[in-house]
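Colleague: Could you zoom in on how one pair of helices packs, then add a word on a pocket?

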Amino acid sequence: MKTLLDSLYIAWIIGTKDILDALKNKNSRSNIIIMVGMVVFFYWMGILRPFDKSVSVVVYDKGDTTLTIEAVTLADGTKYAFREASSLQEVETKMAYQNLGLVLPVDFDQTLASGGTPTLSGYIFWADRLKVTELEAKYSQAFSEILGQPVRVAIGENILIPQANADGMQTNVTYLMIYFVFSTALLLIPYLMVEEKQTRTLDALLTSPASPGQIVLGKALAGFFYILIIGGLALALFSPYIVNWALALAAFLGYALFAIGLGLAVGSFIKTMKQSGIWMVVLILFLVIPPLFYMEPNLKAGIRMVLTWFPSSALASIFRYSCSIGFTPAQFLPNLAIALVSIAAVFGLVIWKVRRSDH
């Protein structure tokens, strides 16, 4: 136990030194600020969209009413567009990137004709579950204006949780998490190794009581600090989409460890930060493109099978499962195995390279 605590203490000292050194470096500070800005920007663009006044609605007509609803623009400029569905199940399938599912009751025509207030059943996604009261009021007012008489939209507990194999906003969130974490790692972490080489402090570390494993662990702790700032912010902003927090945190930890390992691997093989730019482009393509195409619903099965073996695709699947339901252990466990083996392999490579530097 004492040996373990001593090792962790040495790694902690190395890690805190690297964190402070990076924060003192102008380029590192600029990269952190840029990445934080990108997280906020993409959240604003993809989630908040304050300038977007378009509402997409999937409509299921239970009673085959005579009413025809076409695209309409309200007095406040909000545009409502409609898609038809033949069943409630099809409503769930077609919603994907839509805002609202709407079910017209069997007696809809009769209630309108008698001057009554029809109640329409509304369906929203899990991410909007905390806005039920607000959305009921908003949509009731909108459809009252569209139909020219009072209408009530009741959402209540009609909250749809995405299926694991369904496309939707949870796919975008998964992709953005990959991009933020790996971009952060490849922008900032190679600096930890390159700076040690340029200042020749790596030689001093290797001749100190610190072992190669402790040196790598210390730099991994520093790398995790950066990822926690940027990836943690993204995780907090996208938290409304998360259904299973234990799975989401496990996926985030996997993202972080694999990204840190790759960042340290790049830093251990290159001699200058200029070289890291080339590696970053190659690795970003290698890491970000496979999950993007792997999550494409129309992709051919054979190509999808190949892309599932990429570590980033495996980690993306785990995070996507945390934002959905309906996955099985047979789907989850192979992805977990790929992620764990990849993390172990990349850290093993870094430790091997650091040990070789000692000779």
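Modeller: Sure, here's the helix pair, followed by the pocket. The model is predicted, so to speak, with local features needing pLDDT of at least 70 and side-chain atom pairs 80 or more, while totals for chains, interfaces and linings use all residues. Residues are numbered from 1 along each chain as its sequence is written, and side-chain values use heavy atoms, without hydrogens and water.

Helix α9 (residues 212–237) packs with helix α10 (residues 245–269) at about 130 degrees, their axes 9 Å apart; helices are DSSP runs (H or I, at least four residues), and axes are fitted to C-alpha atoms over the stretch in contact, with N-to-C angles from 0 to 180 degrees. α9 and α10 are therefore oblique to each other (not under 35, over 145 or 65 to 115 degrees). Among the residues in contact (heavy atoms within 4.5 Å) are F224, I227 and L228 of α9 and W245, F252 and L253 of α10. By class, that contact has 14 nonpolar, three polar and one charged residues, with Gly counted as polar and Trp and Tyr as nonpolar.

Now the second largest pocket, which is lined by 17 residues, with Y294, R304, S317, Y321 and Q331 nearest its centre. A pocket here is an open set of points on a 1 Å grid where a 1.4 Å probe fits, with protein on both sides within 12 Å along at least five of seven lines, and lining means an atom within 4 Å of a point. α13 (311–322) and α14 (329–357) each give two or more residues to this lining; α14 gives the most, with four. The lining has eight nonpolar, five polar and four charged residues.
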